[in-house]
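Visitor: I am new to reading protein models. Could you walk me through one?
Guide: Gladly. Here it is.

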Amino acid sequence: MDNFFQHKARKRFGQNFLVDETIIERIVRAIAPKASDRLVEIGPGHGAITKLLLQRCPSLTAVELDRDLIPLLQFKFREYPQFRVIEQDALKFDFGSFAVQDALRIVGNLPYNISTPLLFHLLSFKGKVQDMHFMLQKEVVNRLSATPGTKAYGRLSVMAQYQCHVQGLFPVPAQSFRPAPKVESAIVRLTPHSTPPFPAKDEKLLAQIVNTAFQQRRKTLRNALKPLFPELVAESVPLDISRRPETLSVGEFVQLANTCFERNQE
Ligand code: SAM
């Protein structure tokens, strides 16, 4: 009998365990792990994806917050001596400490309740990451890959696409999990750009501008950015500031941030 039979799914840890073998195989095929990969899984849970990952990459390391799951995972995968499971909060985990030759591969069926802060935390290690494959709420995958002018386009879209090539891969129905989540899910692949197509001179300033702009997405740029630049005038930036923030492409946000950066230097 599975040694996880006594473990009860905990809502506060966002635990919805995958039980659909076809979907699990499809996810692992999309990841295509190799034995030499520096592979890290966030939230292995009962080890549904872990099991197939380990068959191809026996040196997998997992980061799991639920301490009750640690001994169960160690027991289940005891025939893999290189397998490590670290009891840690992925939100606080230093993924950079793990990278070898900047080629970390991060995967996971993420806890949906912390997915946005977790994505921002993971993006902060982008220079050391080869790629990331995640199961997320479908709505979050739509936001990650959204194009300007759409409802889903916002801070997450701009900041993720600034740093990564984003590919929504395939949807996963709620029946593939136990317990079934109330939302639809999807798999996304994020591949950090080795050279950003639109390099920002100051990434913190870009993040600040994007954040401020989308707090008032229906206003004009001139008004939305008032908290940051009370004096923003049409002649000072290379964009029409009567446009709404949600219509700006990633490249245009970078152009705006670079102009503001240069003006700050004057
Ligand atoms: N990978 C398993 C699967 O697909 O069946 C479980 C996925 S479940 C949606 C999310 C997993 O992340 C759970 O095992 C949960 O305990 C773990 N988790 C939740 N919050 C976490 C955190 N902050 N850091 C690391 N793991 C976390």
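Guide: We begin with a term. Buried means under 20% relative accessible area, exposed means over 50%, and partly exposed lies in between. Keep in mind that this is a predicted model.

Visitor: Where does Ala32 fall, at 40% relative accessibility?
Guide: Ala32 counts as partly exposed, because 40% lies between the two cut-offs. Its place is in the loop between helix 1 and strand 2.

Visitor: What is special about the phi of Ala32?
Guide: The general idea first. Most residues other than glycine have a negative phi, and most peptide bonds are trans. Now the case here. Phi of Ala32 is near 50°, a positive value in a residue that is not glycine.

Visitor: Which peptide bond is cis?
Guide: Look at the one from Arg178 to Pro179, where omega is near -15°. Pro179 sits in the loop between strand 8 (177–178) and strand 9 (185–192).

Visitor: Let us step back. How many helices and strands does the protein chain have?
Guide: The chain has nine helices and nine strands.

Visitor: Why is the chain called as compact as a globular protein of its length?
Guide: Compare two values. The radius of gyration is 21 Å, and the globule rule gives 18 Å for 266 residues. The two are close, so the chain is as compact as a globular protein of that length. For its extent, picture a box of roughly 70 × 40 × 30 Å along the principal axes, filled by the C-alpha atoms.

Visitor: What share of the residues counts as buried?
Guide: Of the 266 residues, 49% do. Turn to the outside next. The chain exposes about 13,300 Å², and carbon and sulfur atoms supply 50% of that area.

Visitor: How many positive and negative side chains are there?
Guide: There are 35 positive and 26 negative ones. The centres of the two sets lie 4 Å apart.

Visitor: What share of the contacts joins residues 24 or more positions apart?
Guide: Take the contacts with a separation of 6 or more. Residues 24 or more positions apart account for 66% of them.

Visitor: Now the interior. Which residues have the most contacts inside the largest nonpolar core?
Guide: The general idea is a set of buried nonpolar residues joined through side-chain atoms. Here the largest such core has 31 residues, and those with the most contacts inside it are Leu18, Ile27, Leu53, Phe83, Met135 and Val172. Helix 1 (21–31), helix 2 (48–56), helix 3 (69–76) and strand 7 (164–172) each supply at least two residues of this core. Helix 1 gives the most, with six. Another core, of 30 residues, lies apart from it, with Phe93, Phe95, Val129 and Leu144 among its members.

Visitor: Which residues does Ile27 touch, beyond those up to four places away in sequence?
Guide: Ile27 touches Leu18, Met135, Phe170 and Ile187.

Visitor: Let us try helix 9. Is Ala257 buried or exposed?
Guide: Ala257 is buried, because its relative accessible area is 1%. Its place is in helix 9 (residues 250–265). Beyond neighbours within four places in sequence, Ala257 is in contact with Leu205, Leu206 and Ile209. Look at Leu206 in particular. Ala257 and Leu206 are 51 residues apart in sequence and 5.2 Å apart in space, C-alpha to C-alpha.

Visitor: What about Gln137: buried or exposed?
Guide: Gln137 counts as buried, because its relative accessibility is 18%. Gln137 belongs to strand 6 (residues 129–137). Leaving out residues up to four places away in sequence, Gln137 touches Tyr112, Val183, Glu184 and Ser185.

Visitor: How does Arg38 count, at 36% relative accessibility?
Guide: Arg38 counts as partly exposed. Find Arg38 in strand 2. Its contacts, not counting residues up to four places away in sequence, are Phe98, Val100, Ala103, Leu104 and Arg105.

Visitor: One more. Is Lys8 buried or exposed?
Guide: Lys8 counts as exposed, because its relative accessibility is 68%. Lys8 lies in the segment before strand 1 (17–18). Lys8 and Asp37 are 29 residues apart in sequence and 32 Å apart in space, C-alpha to C-alpha.

Key: Residues numbered from 1 in each chain as written. Predicted model: local features only at pLDDT ≥ 70, side-chain atom pairs only at ≥ 80, totals over all residues. Heavy atoms only, no water. Core = buried A, V, L, I, M, F, W, Y, C linked by side-chain atoms within 4.5 Å. Buried < 20%, exposed > 50% of the residue type's maximum accessible area, 1.4 Å probe, protein only. Helix = DSSP H or I, 4+ residues; strand = E, 2+ residues; numbered from the N terminus. Contact = heavy atoms within 4.5 Å. Rg over C-alpha atoms; globule rule 2.2 N^0.38 Å. Areas by Shrake-Rupley, 256 points an atom, 1.4 Å probe, with all protein chains shown as cover. Lys, Arg positive; Asp, Glu negative; His and termini not counted. Charge placed at Lys NZ, Arg CZ, Asp CG, Glu CD.
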